[in-house]
2 protein chains.
Amino acid sequence: MATYVYSFDEPAPGGRELLGGKGVGLAEMTQLGIPVPAGFTITTDASRAAMSGPVPEGLDAEVDEHLARLEQSSGKRFGDPDDPLLVSVRSGAAVSMPGMMDTILNLGLNDVAVEGLARATGNARFARDSYRRLIQMYGEVVDGIDGHRFERSLADLKAKRGTSQDTDLTADDLAELIESYKRTYRDETGDEFPQDAREQLRRAVRAVFDSWENPRAQVYRRAHGIPDDIGTAVNVVQMVFGNKGDDCGTGVCFTRDPSTGEQGLYGEFLANAQGEDVVAGIRTPEPLEAMESRLPDAFRQLLDTMRRLEEHYRDIQDIEFTVEEGALYLLQTRSAKRTAAAALKAAVDMVDDGLITRDEAIARIDPAQLDQLLHPMLDPRASYAVAAQGLNASPGAACGVIVFDADTAADRGEREDVILVRWETTPDDIHGMIAAKGILTVHGGMTSHAAVVARGMGTPCVAGCEDLSLDLKARTARIGDQDLREGDVITIDGGTGRVIVGAVDLVPPRINEDFQTVLAWADDVRRLKVRANADTPDDAARAREFGAEGIGLCRTEHMFFGDERLPVMQEMIMARDEEGRRRALDRLLPMQQADFEGIFEAMAGLPVTIRLLDPPLHEFLPAPEEASEEMRARIRQLQEANPMLGTRGCRLGLQFPEIYEMQVRAIVRAARAVQDRTGDAPLVEIMHPLVGFAEELRRLRELTVAVAAEENDVEYLCGTMIELPRACIRADEIAEHADFFSFGTNDLTQTALGFSRDDAEGKFLTHYLHERVLDTNPFEHLDESGVGDLMRIAVERGRSAKESLKLGICGEHGGDPASVAFCHDLGLDYVSCSPFRVPLARLAAAQAALAERGATYVAAGG
Amino acid sequence: MATYVYSFDEPAPGGRELLGGKGVGLAEMTQLGIPVPAGFTITTDASRAAMSGPVPEGLDAEVDEHLARLEQSSGKRFGDPDDPLLVSVRSGAAVSMPGMMDTILNLGLNDVAVEGLARATGNARFARDSYRRLIQMYGEVVDGIDGHRFERSLADLKAKRGTSQDTDLTADDLAELIESYKRTYRDETGDEFPQDAREQLRRAVRAVFDSWENPRAQVYRRAHGIPDDIGTAVNVVQMVFGNKGDDCGTGVCFTRDPSTGEQGLYGEFLANAQGEDVVAGIRTPEPLEAMESRLPDAFRQLLDTMRRLEEHYRDIQDIEFTVEEGALYLLQTRSAKRTAAAALKAAVDMVDDGLITRDEAIARIDPAQLDQLLHPMLDPRASYAVAAQGLNASPGAACGVIVFDADTAADRGEREDVILVRWETTPDDIHGMIAAKGILTVHGGMTSHAAVVARGMGTPCVAGCEDLSLDLKARTARIGDQDLREGDVITIDGGTGRVIVGAVDLVPPRINEDFQTVLAWADDVRRLKVRANADTPDDAARAREFGAEGIGLCRTEHMFFGDERLPVMQEMIMARDEEGRRRALDRLLPMQQADFEGIFEAMAGLPVTIRLLDPPLHEFLPAPEEASEEMRARIRQLQEANPMLGTRGCRLGLQFPEIYEMQVRAIVRAARAVQDRTGDAPLVEIMHPLVGFAEELRRLRELTVAVAAEENDVEYLCGTMIELPRACIRADEIAEHADFFSFGTNDLTQTALGFSRDDAEGKFLTHYLHERVLDTNPFEHLDESGVGDLMRIAVERGRSAKESLKLGICGEHGGDPASVAFCHDLGLDYVSCSPFRVPLARLAAAQAALAERGATYVAAGG
């Protein structure tokens with residue numbers, strides 16, 4: 001038979017997963033000799049077993065047995081009418097879910113024992129206050145009684161006594177309150193408040209199990225990606241009391257400042273009080289330093305314990321403690337949630353102090369959290385009302401006046417901070433997008449034009465904000481129920497999708513020395529190279545600043561937009577024959593060449609992968625209602641039922657080879673020009689998109705080689721995106737014509753899963769995530785067992801045909817820490833992501849390398 | 001060094017691939033002792049080697065050596081001025097390409113030898129006629145001179161002599177003609193006609209090699225799916241002459257009637273003539289029987305040879321022969337091209353005669369050809385002008401008056417044959433489509449509504465006929481440059497995509513006894529079961545007639561169309577909440593149940609796989625311009641960028657579980673009702689579409705089981721379509737929740753290749769096929785190395801998780817013979833295809849089983 005219960009002082013066959021975070025902390029502290037109230041943990045196994053039925057057989061007997069041990073060690077008996085043993089029942093899952101589940105204190109009191117406790121402590125007020133608290137908590141948690149019922153009795157009594165303070169109530173008042181609470185309990189449940197201590201305990205444990213399924217816990221798990229099926233452990237702990245007198249108190253403290261990472265005292269203390277009093281806000285806690293004069297011995301012991309705990313856990317600890325009659329008890333310790341800046345500072349300091357190694361420091365930091373440091377954020381201390389919610393399309397916060405078109409944005413953007421607000425953006429809006437501090441759109445998902453461009457530029461963006469409507473004639477917007485005029489101020493948070501009317505204080509980005517230090521350590525450790533996706537010399541330069549080691553994806557399509565170019569591109573598309581197309585392409589060539597020269601110079605010495613034209617041609621034509629008759633006919637001709645799966649990528653290149661010929665020519669001429677100018681040959685990689693058949697690449701490579709040979713003897717690699725399932729399956733054949741593969745996991749996810757990202761996000765995928773059909777969004781975190789397995793097949797088959805094949809990834813997953821780890825394990829050579837995510841990817845790559853060596857990654861604040 | 005040349009009487013290390021069809025026939029006949037002119041074959045290896053450069057080294061020496069042998073055996077010398085050896089040079093690829101490549105006769109003649117030949121044969125007219133033919137053929141083939149130049153000289157000469165017959169020209173006339181031809185040769189090439197026999201031969205061989213690349217051969221190969229890189233063999237054969245006198249002649253014959261398969265004499269004979277005379281149509285040939293009285297010995301020898309050849313090849317032979325001075329020479333034998341009916345009759349007769357086994361009979365028949373027997377066809381003897389060309393969307397020919405809307409079609413269709421002509425069809429047109437003999441649409445590809453519905457009904461359909469335009473107000477159509485009014489007659493051929501103005505005679509379908517006999521043999525041999533895709537009781541009954549062993553795909557979406565149902569379906573889609581949807585669904589339930597009852601009864605005793613609702617909901621709403629304001633809003637809401645990858649299939653079922661609940665309920669109630677009525681329980685298979693994640697199917701299976709349990713205890717299987725690459729990759733996990741998999745290879749091809757069929761066919765895919773980027777259309781023939789490999793992974797992983805998993809295919813590939821063979825090899829349990837293709841699939845499945853046992857499939861008429 002399984003063992004479901006472990007005392008804090010006995011070894012258990014599992015850690016956090018079995019005992020929960022709180023339980024494992026209490027057990028470890030007990031075993032370290034740190035003062036902790038005695039108690040035991042009911043494992044998560046029991047919770048899981050109880051999920052769809054009764055508590056597992058044997059559990060009650062085990063609880064009884066451990067309770068007996070507790071009675072023995074404390075010298076008190078549970079339910080004793082004279083000097084009862086009191087316990088708390090506290091939830092504690094493997095992953096911290098603060099405040100989401102239930103706790104009941106003071107179990108073991110009843111009508112008789114409360115008076116025994118009064119006698120034993122000589123404190124009737126304390127004993128009765130403890131009992132009435134039990135009745136309330138038990139009633140709420142076990143029987144689901146509305147807490148207001150109890151609070152109203154308390155308020156009535158205080159009104160009768162003419163006071164507003166609980167502390168003004170006497171022991172007799174509390175006896176009256178207990179009677180009132182018991183009446184409430186009886187009215188609501190039809191039963192008397194249970195007098196049997198064991199029944200109280202049994203039902204309390206069951207209630208804590210059940211609290212795993214309460215709505216707020218479910219919502220929290222969904223929001224934090226915590227699985228539904230792991231369940232919670234339950235800790236039964238002997239009560240200690242910080243409210244017995246002046247030699248008592250309670251507090252919380254951190255071993256370092258969780259905001260900055262600075263060493264020093266950081267915490268709060270409340271004399272003669274219990275933890276709930278702090279939470280209830282009845283009395284204002286003092287700084288931790290105040291404890292020194294009140295309880296000097298306990299204070300010294302606390303400092304010593306803090307030091308020992310940090311040395312033991314080698315991480316910032318978040319500690320709860322109580323002092324009962326001068327004796328210190330630790331109630332909880334856990335790794336502290338901290339800001340990214342604090343995490344970095346603490347890590348660097350601990351390495352300096354020899355407390356942890358560099359590898360440990362690297363492993364400790366949550367790469368996703370680093371985003372905080374790379375974009376302005378809403379001040380965490382600010383309070384504001386969220387007016388509307390959209391998609392978190394590009395991280396960072398921005399505050400400014402709203403404008404409704406790109407020209408106005410460009411104009412006003414020179415004088416003040418503007419937020420560009422549009423139904424959706426188009427390539428024509430680009431000058432306004434560049435000028436804006438933030439972008440807000442009504443339509444469009446995570447891959448909409450606005451979202452993609454904004455992420456590339458590092459501009460905060462909220463997209464798909466359907467609660468917003470615009471009246472462009474009147475130049476007004478309606479957000480939720482508020483009407484705004486052009487020039488009114490709003491704030492957006494692209495990290496959460498929030499839109500706020502009015503200004504909110506922002507915290508500027510901080511790339512500090514600690515950050516650089518940790519990244520430098522990470523660079524020493526990682527095997528994966530990190531490149532950036534960048535389309536312009538500016539992007540390229542920024543990527544380099546963030547430590548990019550090349551460009552993994554330079555898209556060429558934006559180079560066909562712009563006032564000067566778009567008409568020529570459209571002329572090319574409208575041409576009746578190849579001759580006409582070539583005439584237009586001849587004029588585009590020098591423009592493309594200039595673009596490439598700028599990028600090559602910005603990336604001197606580092607490889608640059610240029611993807612040839614990918615999107616379907618109709619994307620370059622205006623909306624039908626703005627087009628000429630002739631253009632409308634062409635638009636109709638080019639229209640597709642499923643453009644994602646239509647005439648794009650290499651299919652365009654094969655059908656209109658003159659387009660790719662022009663692009664290859666522009667690339668090699670640019671490379672030559674830069675080489676002549678600077679003396680250094682750019683490292684050019686020419687990439688053909690959307691290849692599914694080896695024959696496609698064979699022909700395009702032939703085209704590439706032929707054009708390059710016509711021009712000059714620049715060196716280059718020729719390769720392909722792997723973004724179709726068939727390309728993965730036949731990677732062996734394709735590899736014969738490729739120097740490199742770059743996994744385009746955005747499109748590969750779309751095709752392998754049959755998910756159109758535009759149609760999935762905000763629609764069925766949102767439903768899937770909400771209903772937990774899927775645990776994570778496969779466009780954010782690589783679907784490792786599906787898409788990832790296709791990649792694995794592609795890597796195996798590609799390398800089997802060509803061992804020297806260079807492998808990378810340029811989908812957005814290249815900037816997702818978990819996906820970076822997967823790419824490391826897969827044996828890729830590099831990941832490529834947006835410039836702003838390069839530091840994250842560097843850290844994630846180092847963590848993956850450490851994990852491979854057997855180091856375990858301990859999530860900060862977990 | 002490679003050997004490039006083999007005499008007909010020496011063994012070669014390869015067959016048809018090495019020697020070509022003609023060469024291998026000549027060699028085999030020689031080795032059987034059948035009289036064949038002496039000669040030798042230059043292999044396809046030489047042709048391939050010569051494709052991109054000069055003829056391979058050593059070839060000339062080998063030709064010389066074999067020529068020497070020929071001189072020895074014939075006792076004549078090549079280029080001899082007195083009695084020259086003459087040879088022909090004939091192409092002959094591994095696959096028959098009649099008339100596509102070039103031939104040159106009478107090589108070895110020159111100004112001197114022609115007179116020697118005249119002396120040696122005592123026939124100056126014959127000798128000079130042979131020489132002038134050589135100059136013309138050589139000029140055309142080797143030097144590319146326009147043949148009209150020579151023909152004009154001949155015509156001028158005949159005019160001068162006042163005759164219209166070549167045969168009226170004298171030997172002296174022909175001498176004058178030779179001079180004229182030589183002048184033409186000199187004028188066109190700047191050179192004299194070559195007098196050196198070896199130079200003639202060398203250049204002739206080169207020219208035949210090069211004729212592989214001529215435009216008509218390229219077009220032919222593209223049309224017949226023949227690879228470009230196999231090249232042609234070249235046969236050098238000693239000339240024999242059927243035009244030397246009355247003891248000479250030439251003819252062609254078949255060993256059985258290629259139209260009917262009947263035994264008996266079937267051929268043509270022309271006395272004192274050469275083969276070209278027959279082709280040129282100068283003289284009308286006599287029936288073969290006429291040869292008996294003219295050349296009785298040669299005739300008896302021919303009959304004997306025909307018998308021997310048929311016994312040897314055990315197939316109908318198509319034979320060319322010449323009689324020179326009483327001696328019979330066979331010039332070619334090959335398996336005869338024959339109609340499907342003839343193929344079947346001959347196969348059955350040969351089995352009866354003990355000439356071949358049943359297995360051989362099965363292996364002989366081209367399943368694709370059987371389509372002929374299942375649909376009306378254009379009379380092959382009819383001549384007509386093709387007015388427009390569309391896609392061959394559904395096979396069969398139809399002739400009737402054109403109508404432009406479904407109501408008119410339904411109305412006039414009761415009295416006369418109508419062809420429904422539409423821009424495109426919608427579900428609203430269904431009654432007109434049922435009433436029409438044929439369907440013609442301007443827009444839409446192979447998966448358009450018109451095409452899919454027509455194929456399902458077996459109605460001929462030409463879709464995507466862009467040369468057609470309609471004026472629905474004026475009720476006129478314009479096809480090419482012809483204006484038609486409603487009621488005018490047209491003919492369409494859905495097998496070729498042709499549209500003809502006016503009536504063309506049709507040949508009715510013939511499912512004769514021979515067909516049934518061969519299919520019964522096939523049923524004994526095959527392992528694969530064959531099911532049909534059928535959505536209605538009528539389809540189901542038809543499928544059974546064709547031998548279907550169940551329904552592999554019953555789509556349920558059409559059941560929501562129809563006057564009575566569509567409004568209710570739309571009400572469901574427009575409902576604001578689940579309650580509203582359930583109200584509408586409650587009304588749809590009895591209708592669906594009635595549909596299912598009809599299908600179960602039609603398929604009593606056989607399994608029926610029902611696919612739950614698959615298409616996106618917007619397909620059930622009207623076009624925006626015909627919708628109410630409220631509906632337009634909903635349409636906008638449901639609109640998708642890539643509907644193929646959007647909210648459809650199980651994604652709908654999970655988001656609106658009430659829809660699938662209703663469908664499952666209708667299915668199990670129908671099964672129960674049929675069981676109660678007939679005493680037999682239907683074999684029900686409930687199929688969930690578009691599953692990509694095991695969790696999707698787990699939940700839907702749970703829903704299915706729950707609803708079924710609420711209803712009654714009918715037995716059923718619960719499974720899924722495998723139509724996404726991810727589903728293949730994670731087939732192991734999915735199999736845990738599935739009783740069966742059915743490969744939906746249409747969608748699997750779309751997603752694995754990233755090809756939207758609607759956007760590919762007629763667009764980039766057509767370009768790919770034209771340019772030979774792809775050899776075959778992956779929607780017609782399964783892409784075995786890509787999609788097929790994904791299927792292989794799915795089969796392996798699925799069966800590894802659940803050995804008992806039932807596996808089938810229900811994509812259109814289920815009716816494609818090559819794909820059926822692939823499914824057999826993959827170890828599937830069944831294929832499912834449209835009812836009209838069931839016989840083909842039965843035969844193809846048997847052929848696959850035979851191939852597995854090592855039997856080789858000899859293509860008929862190959």
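Which residue stands opposite A:Gly249 in β11(A)? Keep this in mind while the tour, which runs through a predicted model, begins with the overall view and then returns to that strand.

**The whole of chain A**

Select chain A and orient the view along its principal axes: the C-alpha trace spans about 105 × 60 × 50 Å. Its secondary structure comprises 33 helices and 33 strands. Of the 862 residues in this chain, 57% count as buried. When contacts between residues at least 6 apart in sequence are considered, 68% of those in chain A join residues at least 24 apart.

Next, colour by confidence. Chain A has an average pLDDT of 89, and 97% of its residues score at least 70. Residues 857–862 of chain A have a pLDDT below 50, and in the model this stretch makes 17 contacts beyond near neighbours in sequence. Where pLDDT is low, the predicted coordinates should not be read in detail. For the complex, the predictor gives an ipTM of 0.79 and a pTM of 0.79.

**Strand β11 of chain A and its partners**

Select residues 317–324 of chain A, which form strand β11. This strand is mostly covered, with 7 of its 8 residues buried. Add residues 249–256, strand β8 of chain A, which runs antiparallel to β11(A) and is joined to it by 6 bridges. Here the opening question is settled: A:Val323 is the residue opposite A:Gly249.

Now add residues 327–335, strand β12 of chain A; its pairing with β11(A) is antiparallel and extends over 8 bridges. A:Val323 appears again here, standing opposite A:Leu328 in β12(A). The hairpin formed by β11(A) and β12(A) has 2 residues between the strands. In this hairpin, select A:Glu325, which takes a positive phi near 45 degrees.

**Strand β31 of chain A**

Move to residues 740–743 of chain A, strand β31, and display the side chains. A:Phe740 and A:Ser742 point one way, A:Phe741 and A:Phe743 point the other way, and all are buried. Strand β30 (residues 716–722) of chain A pairs with β31(A) in the parallel sense over 3 bridges. In that pairing, A:Ile722 has A:Phe743 as its bridge partner. Strand β32 (residues 806–809) of chain A also pairs with β31(A) in the parallel sense, over 4 bridges. There A:Phe740 has A:Lys806 as its bridge partner.

**A serine in helix α7**

Select residues 171–189 of chain A, helix α7, and locate A:Ser180 within it. Is this serine buried or exposed? A:Ser180 counts as buried because its relative accessible area is 14%, under the 20% cut-off. Then select A:Leu154: it is 26 residues from A:Ser180 in sequence, and their C-alpha atoms are 8.9 Å apart.

**An open sheet in chain B**

Turn to chain B and show the 5 strands of an open sheet, ordered β1-β2-β7-β5-β6, with antiparallel pairing. The edge strands are β1 (5–7) and β6 (103–107) of chain B, each pairing on one side only. From one strand to the next, the twist averages 20 degrees. At one edge, β1(B) pairs with strand β2 (residues 39–42) of chain B in the antiparallel sense over 3 bridges. Select B:Ser7 to find its bridge partner in β2(B), B:Phe40.

Add helix α1 (residues 16–32) of chain B, which packs on the sheet and touches β1, β2, β5 (87–93) and β7 (232–238) of chain B. The direction of this helix makes about 125 degrees with that of β5(B). Helix α8 (residues 197–211) of chain B also packs on the sheet, touching β2, β5, β6 and β7 of chain B. Its direction makes about 20 degrees with that of β5(B).

**The interface and the nonpolar core**

Display both chains: 48 residues of chain A are in contact with 48 residues of chain B. The two chains bury about 4,100 Å² between them, 53% of it on carbon and sulfur atoms. In chain A, select A:Asn642, A:Leu645 and A:Arg726, which lose the most area to chain B and together account for 14% of what that side buries.

Finish with the largest nonpolar core, which has 279 residues. Those with the most contacts inside it are A:Phe600, A:Met791, A:Leu828, B:Phe600, B:Met791 and B:Leu828. Centre on B:Phe600: beyond its neighbours within four places in sequence, its contacts include B:Val608, B:Ile610, B:Ile667 and B:Pro682.

Definitions and conventions:
Residues numbered from 1 in each chain as written. Chains lettered and ligands numbered in written order. Predicted model: local features only at pLDDT ≥ 70, side-chain atom pairs only at ≥ 80, totals over all residues. Heavy atoms only, no water. Core = buried A, V, L, I, M, F, W, Y, C linked by side-chain atoms within 4.5 Å. Buried < 20%, exposed > 50% of the residue type's maximum accessible area, 1.4 Å probe, protein only. Contact = heavy atoms within 4.5 Å. pLDDT = per-residue confidence, 0-100. Pairing = 2+ DSSP bridges. Axes fitted to C-alpha atoms, helices over the stretch in contact; angles between N-to-C directions. Buried area = accessible area lost by both parts, 1.4 Å probe.
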